[in-house]
Amino acid sequence: MLTIKNERINEEIYVETLNNGLKVYYYPKTGFTKKYAVFSTGNGSCDNKFKIEGKDESITLPDGIAHFLEHKLFEDPEKDFFEKFSGLGADVNAFTSFNQTSYLFSTTENFIECLLELVNLVMEPFFTDENVEKEKGIIAQEIQMYQDSPNWKVFFNLLDGLYVKHPIKIDIAGSIDSISKIDKDNLYLAYKLFYNPESMVLVLVGDIDFQNVINELNTEFAKYNTERLKGIKIYENEPTIINKKRIEEKMSTSLPIFNIGIKDVNVGITGKEAVKKDIISNLILEILFSRSSEFYQELYTEGLIDDQFGAYYTGKTDYGHSIISGTSENPDEVYERIVKLFKNPDKYLTEDGFERIKKKQIGQFLIGLNSVEYIAHAFTDLYFQDFLLIDYIDLYDEINFKMIKDRFDEHFNIDRLCLSLIVPE
Amino acid sequence: MIENSIKSKIGNGINFTSIYTDKFKSNYLSFYFIRPLDREDVTLNALLPMVLSRGNQVNNDFIAIERELELLYGASYDYDVYKSGEKQIIKFSIEWADSKYINETLVDDKVMEIFFNIIFNPLLNNGCFKEDYVEQEKINLQRKISSKINDKRSYAISRCIEEMCKTERFGIYSLGYVEDLGEINSEKLTNHYKKLISETPFEIIYVGNEKKLDIIKYIPKHITDRQFTINIPREVIREKSQYRNHIVERMQVNQGKLVLGLLTGIPYEDELFKALTVGNVILGGSPNSKLFREVREKYSLAYYANSILFKHKSIIIIDSGVDFRNMQRALNLTNDQIKKLKEADFTDNELNLAKKEIITSLRAIVDSNHSIASHELDNILTNKSESIDVKINKINAVKKEEVVEAFNRVNLDTIYVLTREGEDDVDVND
């Protein structure tokens, strides 16, 4: 067992690799009654094209299959997992994102029993023609629900504008048409590609007897067939240009809703450098667009934006973008002002602002450590980027204002700016 | 570890509750104005924190407030206006990192000053709030109110409640009304503010590890010395309706929403209320519930089908998002599940799972400073000082007969349907 400490924040983590190659991380939170476990694979909705090792042809899976799999892993011939977990005093759930699928539970008792159930849930798929068909109705309603959400639509329309080929532009749940192509055979195939313990991670947070957990997990995993397909993901070559400059759609909303996106072309990096790039980009966006910025104050006072206005950067190895979002009666004017700001940032992008926002983010990171959920999710997210959460806060010491300016020049380029709009009918 | 809450009265109608714990890396302080939910005042109350947050005598605009807070390692200030039963709560809160982790002294004092200046030291021009702040926030509030239509699920729920409680306070929308904004001006709002701070009961709740917070010194003396505070009436609980409401609304949507409003007639003071809580979870409060299993899992009609019990008003709202052509089936199925509760058609296992569900969430309260504060406030608003353990014991003691008895008092009152043009309506007769 390996221990990694960070004295500054008075936290430590433990790591162990199980017999089947699965890495298990334990982040202790003593005194907390809640215990939390997240079991994840680094495959999500963007993982749809593979070449299978030992075979010549490549395969393309139907859009939405990772999310469909997530729903279907809850199926078992003998038991109802929701009932099982509730009986143990736990809440179980799962979610699928672009790059990851996670299964999780939180409990105040019976932690080991719950954990073994979670392993069973993920490691033993049970798909039949009937149970796959039944799920299509439920997922179709999930898709329709999102179709009525202006915030969801404005976001996916933006991704469609920013990316030419990248699968991030495809809705996580797929479409009613694409899920009709899902059957038990392609589900088993996707399962064998996505759920390889060696490339998954299990994160535990709370007050837990870790050594005991490890022993139990090794015994439990020995029960399952872990024969998998080795797939090599096929990446489409995404151009640096954007797909569309502007996208507008009508919906029943009260005011226009906008997402302004900037495509990142500095991609292909991973680990510490990638996480640092992420922090720097978010620092810039906060300096420029948070409530303490001159820009925010100006637009707010003019009535162009309200307190819904905000911005963030997100990225993984093969993509990245910044999004500035809000509601406005005059979104085109907001867009123009942002373009102007990008052309002439000196008034807004100040060293003083940098020092303030840095302090703010450090404080808010510390506050985040109050929550077992936040820790588990942030940990998993960073793990798939090859970085440990416990080292996160120290990265701030390595960032200086020159890096902020350099990154600004590199990323905030108006040629890669897209405006997505939802306007009232 | 969590210690018991320590309560002190620091003025007439001003109570301070401290809950000391070293579990968190931050301090959390929340300040609540408790008002009766009232059609006349609701819009003024919603507007007030928006204007106060714009600036005060020390920090004239929000950019100054925000920058001060950032320098204090991202202390985060927030406000909220919501209804809790038939009370309107104006909440101000601030959370800041424990000074132990940020090598800075006097942080606590500085945070307190900024926070209380927002509430008690507003920026005034000739004795009134700054006019352009008021006018701008009126527009922002108007947008906020109109934007409730954007989220169809919560819109449908709030419309159902509005129709169901048309003649009651609970039907009032917590952010107020666009049509009332016109006549509000800086003078009116300032007078309203003065009235509020002179007569409104305040609750202040602190969760954290700092035992030396001297709250009282930040509250003006004329307020701690005030003589009179208003009485906040308890919610009116209706038992049965004269006739059933059926509302159909049409909009350009992809998915229909079906919302049912039920009267229970059981106030939270009643011994039977705990059984009602358990029954509500059996009906639609978890993935083990009847609604989830039947409407979603068995018939694939919906992605969600939930039931929520509004404790302070003793009503149940059931909501689901359904394809238009399945609306009738979903309604019939939902009615069938309610009937099952009334007819004792549920197993001991379902009963136990529902209890576990509730107990798990009760136990988890102590792991979040925000939940600790809201739990404490709820005890205050309901005049109870029940600990979490006592609540757990009461849930555990609920018997099947009690759930059945409770549900036999439940009556369907309102059916609200959100659909699109050209779709059939549902038949609401039993």
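Is S26(B) buried or exposed? I'll start with that residue and work outwards. What we have here is a predicted model.

S26(B) counts as buried, because 24 C-beta neighbours lie inside 10 Å, and the threshold for buried is 20 or more. The residue sits in strand β3 of chain B. Leaving aside residues up to four places away in sequence, S26(B) touches residues of both chains. From chain A there are L366(A), I367(A) and N370(A). From chain B there are E95(B), W96(B), A97(B), D98(B), G208(B) and N369(B). Take G208(B) from that list: 182 residues separate it from S26(B) along the chain, yet the two C-alpha atoms are 6.6 Å apart.

Now the layout of chain B. It is divided into domain 1, residues 5-224, and domain 2, residues 245-419. Their C-alpha centres lie 30 Å apart. Where the two domains meet, 25 residues of domain 1 are in contact with 24 residues of domain 2. On the domain 1 side, the elements giving two or more residues are β2 (14-20), β3 (26-36), α5 (152-164) and β8 (202-208) of chain B. Helix α5(B) supplies the largest share, nine residues. By type, that side of domain 1 divides into twelve nonpolar, six polar and seven charged residues.

Next, the sheet. Five strands of chain B form an open sheet in the order β9-β13-β10-β12-β11, with mixed pairing. The edge strands are β9 (245-250) and β11 (302-310) of chain B, each pairing on one side only. From one strand to the next, the twist averages 15°. Within the sheet, β10 (256-263) and β13 (411-419) of chain B pair in the antiparallel sense over seven bridges. In that pair, L260(B) of β10(B) stands opposite I415(B) in β13(B).

Which helices pack on this sheet? One is α5(B), which touches β9, β10, β12 (315-322) and β13 of chain B, and its direction makes about 140° with that of β13(B). Another is α9(B), residues 273-284, which touches β11 and β12 of chain B; its direction makes about 175° with that of β11(B). So α5(B) turns up twice in this talk, because the helix that gives nine residues to the domain 1 side is also one that packs on the sheet, with helices taken as DSSP runs.

On to the nonpolar cores. In soluble globular proteins, nonpolar side chains tend to be buried together. The largest core here has 121 residues, and those touching the most other members are Y25(A), A37(A), L69(A), L118(A), V203(A), L204(A) and V51(B). Helix α1 (42-52) of chain B gives the most to this core, with eight residues. A second, separate core has 54 residues, including V253(B), V322(B), F407(B) and V417(B). Back in the largest core, V203(A) touches Y25(A), V38(A), A376(A), F379(A) and T380(A), again not counting residues up to four places away in sequence.

Last, two backbone details. Phi of Y73(B) is near 55°, a positive value in a residue other than glycine. N383(B) also has phi near 55° and is likewise not a glycine. Y73(B) is in the loop between α2 (62-71) and β4 (76-84) of chain B, and N383(B) is in the loop between α13 (369-381) and α14 (388-396) of chain B. Which of them is buried and which exposed? Y73(B) is buried, because 27 other C-beta atoms lie within 10 Å. N383(B) is exposed, because 9 other C-beta atoms lie within 10 Å.

Definitions and conventions. Residues numbered from 1 in each chain as written. Chains lettered and ligands numbered in written order. Predicted model: local features only at pLDDT ≥ 70, side-chain atom pairs only at ≥ 80, totals over all residues. Domains from an automatic or database assignment. Contact = placed C-beta atoms within 7 Å. Helix = DSSP H or I, 4+ residues; strand = E, 2+ residues; numbered from the N terminus. Nonpolar A, V, L, I, M, F, W, Y, C, P; charged D, E, K, R; others polar. Pairing = 2+ DSSP bridges. Axes fitted to C-alpha atoms, helices over the stretch in contact; angles between N-to-C directions. Core = buried A, V, L, I, M, F, W, Y, C linked by C-beta atoms within 7 Å. Buried ≥ 20, exposed ≤ 12 C-beta atoms within 10 Å, placed from the backbone.
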